[in-house]
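Grab your favourite viewer and work through these exercises. Each one sets a task and then walks through a solution.

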Amino acid sequence: MKTRLLVVGYGRMAEAMLRGFAIHAPKLESYALQITGRNPEKIRSFLERLPLAVEILPPTPILDIDHATVLLAIKPYALESFEYKGVASLVLSVLAGVSVGKLAKCLKSDAYARCMPNIASSYALSSTTLYAPCAVPIKARARALLECLGAVVEVSSEQLIDASLATNGSALAFLGMMAQGLVNAGVREGLSHDQAVMLVAQSFKGFTQLLQEKAPQEIIDSICTPGGATIAGLSVLEEKAFKGIIMRACHAVVKKGRTP
Ligand SMILES: NC(=O)c1ccc[n+]([C@@H]2O[C@H](COP(=O)([O-])OP(=O)(O)OC[C@H]3O[C@@H](n4cnc5c(N)ncnc54)[C@H](OP(=O)(O)O)[C@@H]3O)[C@@H](O)[C@H]2O)c1
């Protein structure tokens, strides 16, 4: 008999994860996927195009979680909008700032785990942290689900889930800012917008590949000719404490999203 995988919530993160699951559909053969929330009809047209069978449950304030693996993907404040009936086998939460203790107060389950994926889950390219203070087989189950979304890094405390909010949760927004700056720069220097977007997108693709083999500093060093153009640009970034600004921005994210 299949285990229910009950996704609660149908926003951007839930959609990204479902896309990732669809890519790895054969790995989910032991699950019957269901989705619920306060108005799950909102996700119907998305699901009709998804090559993965997901049953939409009728909206109800009382969610039956008995024996299910529950994937929580609602806003953190929405956790208490529902009552939860029964005892889940695993609650896996993507909610930022909601502790295992808080989850345990709201939903009964044999095991709890928290994770921090990002929206690259859509392409099974998320970097996801996992905190799973539970028995090895259940932790393996949580990990296997998240591996459908990309790479998984296990961490040993909830504080490290908070820490990863910046390095993989919000990181894509920061990289988006960098990419937009480069596009604007290209247009400023005379490239068309489309040319600049294409060049920047391909540069990010190439950078991703380089990063598999080289440390960031090695990549920088391999581009900077002594006395050349790139080091002239880098010196401007250093004058403005570019890395310091990034670290401060990441710290602001972590402070804001910290688990109470
Ligand atoms: N987006 C990311 O990159 C990212 C990364 C890591 C973790 N997360 C976590 O993922 C979770 C969802 O984020 P998201 O970006 O997917 O947000 P989103 O697109 O705004 O979706 C939010 C979901 O929560 C539901 N919801 C909101 N208020 C509710 C309420 N009062 N009662 C019941 N349901 C309610 C929404 O349903 P309605 O449409 O009916 O309001 C929707 O299903 C958050 O907890 C966030 O911390 C997000």
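**Exercise 1. Find which residues surround the ligand, and which are the closest.**

Step 1: count a residue as near the ligand if one of its heavy atoms lies within 4 Å of it. That gives 21 residues around the ligand, and the closest are Y10, M13, R38, K42 and I74.

Step 2: before going on, note that this is a predicted model, where local features need pLDDT of at least 70, side-chain atom pairs count only at pLDDT 80 or more, and totals for chains, interfaces and linings use all residues. Residues are numbered from 1 along each chain as its sequence is written, and side-chain values use heavy atoms, with hydrogens and water left out.

Step 3: look at the backbone. A backbone N or O atom of R12 sits 2.8 Å from a ligand oxygen, and a backbone N or O atom of M13 is also 2.8 Å from an oxygen atom of the ligand. For G11, a polar backbone atom is 3.5 Å from a ligand oxygen.

Step 4: check the cover. On its own the ligand has 900 Å² of accessible area (Shrake-Rupley method, 1.4 Å probe; for residues, only the protein chains shown count as cover), and the protein covers 82% of that 900 Å².

**Exercise 2. Place A124 and decide: buried or exposed?**

Step 1: locate A124 in the loop between β10 (112-116) and β11 (126-131). Strands here are DSSP runs of E with at least two residues, helices are runs of H or I with at least four, and both are numbered from the N terminus.

Step 2: apply the cut-offs, which are buried under 20% relative accessible area, exposed over 50%, and partly exposed in between (1.4 Å probe, protein chains only). A124 is buried because its relative accessible area is 15%.

Step 3: read phi. For A124 phi is near 55 degrees, a positive value in a residue other than glycine. Most residues other than glycine have a negative phi.

**Exercise 3. Do the same for A241: where does A241 lie?**

Step 1: A241 is in the loop between α9 (229-239) and α10 (242-257).

Step 2: phi of A241 is near 55 degrees, again positive in a residue other than glycine.

Step 3: A241 counts as partly exposed, because its relative accessibility is 39%.

**Exercise 4. Describe the setting of L175.**

Step 1: L175 belongs to helix α6 (residues 171-188).

Step 2: with 42% relative accessibility, L175 is partly exposed.

Step 3: compare sequence with space. L175 and H251 are 76 residues apart in sequence, and their C-alpha atoms are 16 Å apart.

Note on methods: A residue is near a molecule or strand if one of its heavy atoms lies within 4 Å of it. A polar contact is a pair of N or O atoms within 3.5 Å; within protein, one must be able to donate a hydrogen and the other to accept it, and residues adjacent in sequence count only if both atoms are side-chain atoms.
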